[in-house]
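Open the model in your viewer and keep the selection tool at hand. Each stop tells you what to select and what to look for there.

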Amino acid sequence: MSAVPNVPPGPPPGPPSGRPPGTPSWSGAPSHSPGASSKSWTVKLRERGVAALPPDKLLPDGQPTYVASWIYVFGVASIASLIVIVGSGCILALKGPAWWHETGVGHFFNSIHLWSVELFFFAMVVHLWGKYWMAAWRGGRARVWITGAITFLVAIPCALTGYVSQQNFDAQWISTQAKDAMNSVGVGAFFNLTNFGQMYSYHILLLPIAVVALVSLHVLLVRRHGVVPPFELQDKLADAPGEKGRA
Amino acid sequence: MSIWRTEPESRTPPWRGPYAPYDLIKELCIAVGAIVLLAVLLTVLLSSPDDPPSTIAQWSRQLPADFAATAAKELNGTSDTAEYGPPYNHSSGSVQHFFILHPQRWLGVSHPIDTAEDYVVKPLETIPNDPALSAALAEYKAASSTQKKEWTEAYAKPLEEYATAVEEKKVPPSTVVVNTSTGTVTVNTSGAGPVPTMMASLQSLAQSGGLEGGLVSSRQFFQTDYTKPLLFIADGGLLEERAEGQHLLGDQWGLMNETGSYPGQPWLWLYALWYQVEPIKSSPNADIQVLLIMSLLSLLFIFIPFLPIVNRIPRWIPVYKLIWREHYRSQGG
């Protein structure tokens, strides 16, 4: 018996198209379907997205002139470190958890992973202190601070699960010591530091997703609200005609 | 100006001042390149630590008396793990509380460990063709719990005296003979019934490496949960001995350190700090106290924009003038 389905003869199937041959598939117009209504979830999401973050705001080619200080380097350095962490982590994940103990190349990438984590936290802490002294939550930017603070807090268990997934003496010691803190508040019942399989899953999947999602949200909020101005400029902006009473 | 004024306004007024050219993507690419270079430089100069794990086989060979004493406590139900409480068993030795709250008990025994069965009896039952051991095990299992306790205590007591003498650098009692070259322990005691035979077999099994795999808690062929062997080895003295040499004990700010002279997890400094401060330092509920303090501080940290006084401090202490010094220089002020 043949396994080939009964296909009628004719030209190969393709996407239905009413366009004449050679017409570009996308015209650049905001809406393409005459039937698209304002009730479409897709249209609503697109309109809200573009309104909140028009392309020139999302990827700007200019910054207010007050954005001139070394402190601004540490925000981008945090993101750059995270990119290196994820990159080196992906290489380690590709080869599996035993590889870095067994080969020089593996140990090299483990070292890159470790040092990029140290750089990530260093850059993040300096960034955080900088933002505190700038009171960077001013002007409706509280959510920017909040997402940044939560990112820092979520990055801590992300690193801890890495330490206890190392399968070496550090992992033995840290997991057996830190378990008491987890157990004391009941967390140990579902977050068992001595269970390598569970900790590895948290370390390479669940917590990195959380960190990357939070950083993405944080960056989108920064792009949306712009970089916080110095105090007197912000106060002038808030007191400007048309702004007073809205704040 | 009131210090109670909340700082974050509800909306962001658009910036109408001057702009300078800026290339966001180029800046990110340069930053990634710089971090890669820095990480490679640190890797080449400093590498990363990877001290091999301790095994139960090593422990039973290097510290045979400590292994035997720990195994006797597991059998007797007096080890740290046996007396721990949830999530491992129904004891209460390590159950912490905060006033009337005992969150450690809320989710019950999720990773059950019966130390006598899991660490001693079951592993011994896997040893084939040993009539003396089989007879000893049969005698032990048939005995009453009072009898079991008497036997185990008779075996454990000289080992405890030996451990105390070693710790206090005194002459150890003659009831315990440790042969360091063969890694064997002989406990000269009467009234221990079948326990010395069982312990000698357990020591041999451990030294052959056979105890490691037998303790991995899984009914599957593939195993990933090391709770049982980790807690067993942590009940003994080997991990602590290594940790002390590597400045990893709790009173050495251990949780934030790692082996060697590596930075470890310095971001845990505030967490580790509380363990050095009285009355938390000597409290049996130190862990829950520290975690609750840190949870509260974390919440305050997240909501700094809405915290009176704290959100005004940056206005009062003008660090911002240093941060935006180019801006103020260009403004002539």
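Select strand β3 of chain B, residues 184–187. Its covered face holds Val185(B) and Val187(B). Its uncovered face holds Thr184(B) and Thr186(B). Strands here are DSSP runs of E with at least two residues, helices are runs of H or I with at least four, and both are numbered from the N terminus.

This is a predicted model, where local features need pLDDT of at least 70, side-chain atom pairs count only at pLDDT 80 or more, and totals for chains, interfaces and linings use all residues. Residues are numbered from 1 along each chain as its sequence is written, while chains are lettered from A and ligands numbered from 1 in the order in which they are written.

Now add strand β2 of chain B, residues 176–179. β2(B) and β3(B) run antiparallel, joined by 4 bridges. Two strands count as paired if DSSP finds at least two bridges between them. Find Val178(B): opposite it, in β3(B), stands Val185(B). Then look at the hairpin of these strands, with 4 residues between them. There Gly183(B) takes a positive phi near 70°.

Next, select helix α10 of chain B, residues 227–235. Is this helix mostly covered or hardly covered? Mostly covered: 9 of its 9 residues are buried. Buried means that 20 or more other C-beta atoms, placed from the backbone, lie within 10 Å of the residue's own; 12 or fewer means exposed, and in between is partly exposed. The buried residues include Lys228(B), Phe232(B) and Asp235(B). Show what covers them: chain A contributes α7, and chain B contributes elements including α3 (64–76) and α5 (115–125).

For contrast, go to helix α1 of chain A, residues 41–52. The count of buried residues among its 12 residues is 0. Draw a distance between its end C-alpha atoms: they are 16 Å apart. That agrees with the expected span, because 12 residues at 1.5 Å a residue should also give 16 Å. The rule is 1.5 Å times one less than the number of residues.

Show both chains together. How many residues of chain A are in contact with chain B? There are 85, and they touch 80 residues of chain B. Contact means C-beta atoms, placed from the backbone, within 7 Å. On the chain A side, α5(A) supplies the largest share, 14 residues. That side divides into 48 nonpolar, 29 polar and 8 charged residues. Nonpolar covers Ala, Val, Leu, Ile, Met, Phe, Trp, Tyr, Cys and Pro; charged covers Asp, Glu, Lys and Arg; the others, Gly among them, are polar.

Stay between the chains and select β1(A) with strand β1 of chain B, residues 19–21. They pair in the antiparallel sense over 3 bridges. Gln63(A) has Ala20(B) as its bridge partner.

Finally, colour chain B by domain. Domain 1 is 24–47 + 304–331, domain 2 is 56–244 and domain 3 is 246–302. These bounds come from an automatic or database domain assignment. The centres of domains 2 and 3 of chain B, over C-alpha atoms, are 30 Å apart. In contact there are 6 residues of domain 2 and 10 of domain 3.

Zoom out to all of chain B. It has 16 helices and 3 strands. Its C-alpha atoms fill a box of roughly 95 × 50 × 45 Å, along the principal axes. Of its 333 residues, 34% count as buried.

Methods. Two residues are in contact if their C-beta atoms, placed from the backbone, lie within 7 Å.
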